[in-house]
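Here is a short set of exercises to work through with the coordinates open beside you. Try each task before reading its solution.

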Amino acid sequence: MESAWSGGGSPFAMGSKKLGMWLFIVSDTLTFSALLIVYSYSRITNPDWPRPFPIHPAIIFSTTMTVVLLASSLTMVMAVMAAQRNDRKKTVMWMVATMIGGLLFTGLHLTEWFNMITKEHFTITGNPEGTPLFGAVFFGITGLHMTHVMIGVIYLGIVAVGYGRGKFSAEDVEVNGLYWHFVDLVWMFVFPLIYLMSVKY
Amino acid sequence: MNTHAHVEEAHGASVGTNIAIWVGLVAITGLEVFLAYEELQPTVMLTVLVVLSVVKAGMIMSYFMHLKYEKFSLVLWLVPAMIFCIMMMFIFFFPEAFRLLQMRPH
């Protein structure tokens, strides 16, 4: 048997696409980590950091968003499992369900943004409750995450159509799944640190 | 060249295990929201939330992202480097954070 380290093989026993996605995930993790550390700096230096999220409705609303995103991760797991069984119809069905979850999350998030901007006057440059830095941090981090979700929905659409037509393989679905779970994973840090640490009592 | 080789080896957990992990993730999220409702001290709250988030990240990476079922060399290749980079950001964070805390307007 050829040694894994002799070149030409695949030392991690996986295809190049999957390995590439893992590398992207590591680099994107560092992007989000840097942003969350920027948030920590901004927060620690500003005693008038706003706490704009009352339990009802803001935290209940963002918890619903979290559960929707988690649910879309479960449907993605089902899609990957169906793809590994070569069940093309079920794979596409679960991928469409994942896309619906992603769109629902984006819709809820945009509703929240819209309410904050129009009703509570929180914008990227200022707000009535404290340091204007809040807007830059909040809309910057949640906006970058939402961009990832929207790109994920487009990515899912392309792979679902391609896989349904037999153009893409089960590995492509799995690589798509890695990206989608990563987006969910990032939210598992954004939700507690941005929302639950800024509850208005 | 065998870039697509061994792909079929990447079998993950069963449906039941994945659903159990999902229920666990929702339960931890529920616990986090409950703690927010309980109005803990900010430092205690931050510590608990970061620990719970790392646990959730571990569950997602291990099961949903199949890292538990990949070659261990992949984990060794990716995870320590990532943690090292995040730690480097934190090494610079703490002294600066304490200095800034002293300097901030009261």
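Helices here are DSSP runs of H or I with at least four residues, and strands are runs of E with at least two, numbered from the N terminus. Keep in mind as you go that the model is predicted.

**Exercise 1. Describe the secondary structure of chain B, and say what share of chain B is buried.**

Solution. Start by counting elements: chain B has 3 helices and 0 strands. Next, read them in sequence order, which gives the pattern α-α-α. Finally, turn to burial: of the 106 residues in chain B, 16% are buried.

**Exercise 2. Check whether the length of H1(B) agrees with its residue count, then find what its buried residues pack against.**

Solution. Step one is the expected span. The rule is 1.5 Å times one less than the number of residues. H1(B) has 23 residues, so it should span 33 Å, and its end C-alpha atoms are indeed 33 Å apart.

Step two is to list the buried positions, for which 20 or more other C-beta atoms must lie within 10 Å. In H1(B) these are B:Ile21, B:Leu25, B:Thr29, B:Glu32, B:Val33 and B:Ala36. A helpful reminder for reading such a list: an α-helix has 3.6 residues a turn, so residues three or four places apart point the same way.

Step three is to look for the partners. The buried residues of H1(B) pack against H2, H5 and strand S2 (199-200) of chain A, together with H2 of chain B.

**Exercise 3. Characterise the side of chain A that touches chain B.**

Solution. Begin with the contact count: 46 residues of chain A are in contact with 46 residues of chain B. Then assign the chain A side to elements: helix H1 (16-45), helix H2 (55-84) and helix H5 (170-195) of chain A each supply at least two residues. H1(A) gives the most, with 12 residues. Last, sort this side by class, which yields 29 nonpolar, 14 polar and 3 charged residues.

**Exercise 4. Work out how H1(A) and H4(A) are arranged relative to each other.**

Solution. Two packed helices are described by the angle between their axes and the distance between the axes. For H1(A) and H4(A), the angle is about 165° and the axes are 11 Å apart. Angles over 145 degrees count as roughly antiparallel, so H1(A) is roughly antiparallel to H4(A). The crossing of this pair is left-handed.

Now zoom in on the residues. From H1(A) come A:Leu35, A:Tyr39 and A:Ser42, and they meet A:Leu133, A:Val137, A:Gly140, A:Ile141 and A:Leu144 of H4(A). By class, this contact has 6 nonpolar, 2 polar and no charged residues.

**Exercise 5. Which peptide bond is cis, and where do the non-glycine residues A:His121 and B:Glu39 with positive phi lie?**

Solution. First, the cis bond runs from A:His56 to A:Pro57, with omega near 5°. A:Pro57 is part of helix H2 of chain A.

Second, take A:His121, whose phi is positive at about 60° although the residue is not a glycine. A:His121 sits in the loop between helix H3 (88-118) and helix H4 (133-164) of chain A. Because A:His121 has 11 C-beta neighbours inside 10 Å, it counts as exposed.

Third, B:Glu39 has a positive phi near 55° and comes just after H1(B). Its loop joins helix H1 (15-37) and helix H2 (42-64) of chain B. B:Glu39 has 11 C-beta neighbours inside 10 Å, so B:Glu39 counts as exposed.

Notes: Residues are numbered from 1 along each chain as its sequence is written. Chains are lettered from A and ligands numbered from 1 in the order in which they are written. This is a predicted model: local features need pLDDT of at least 70, side-chain atom pairs count only at pLDDT 80 or more; totals for chains, interfaces and linings use all residues. Two residues are in contact if their C-beta atoms, placed from the backbone, lie within 7 Å. Ala, Val, Leu, Ile, Met, Phe, Trp, Tyr, Cys and Pro count as nonpolar, Asp, Glu, Lys and Arg as charged, and the others, Gly among them, as polar. A residue is buried if 20 or more other C-beta atoms lie within 10 Å of its own, exposed if 12 or fewer, and partly exposed in between; C-beta atoms are placed from the backbone. Axes are lines fitted to C-alpha atoms, for helices over the stretch in contact, and angles run from 0 to 180 degrees between N-to-C directions. Angles under 35 degrees count as roughly parallel, over 145 as roughly antiparallel, 65 to 115 as roughly perpendicular and the rest as oblique. A crossing is left-handed if the near helix is turned anticlockwise from the far one by less than a right angle, and right-handed if clockwise.
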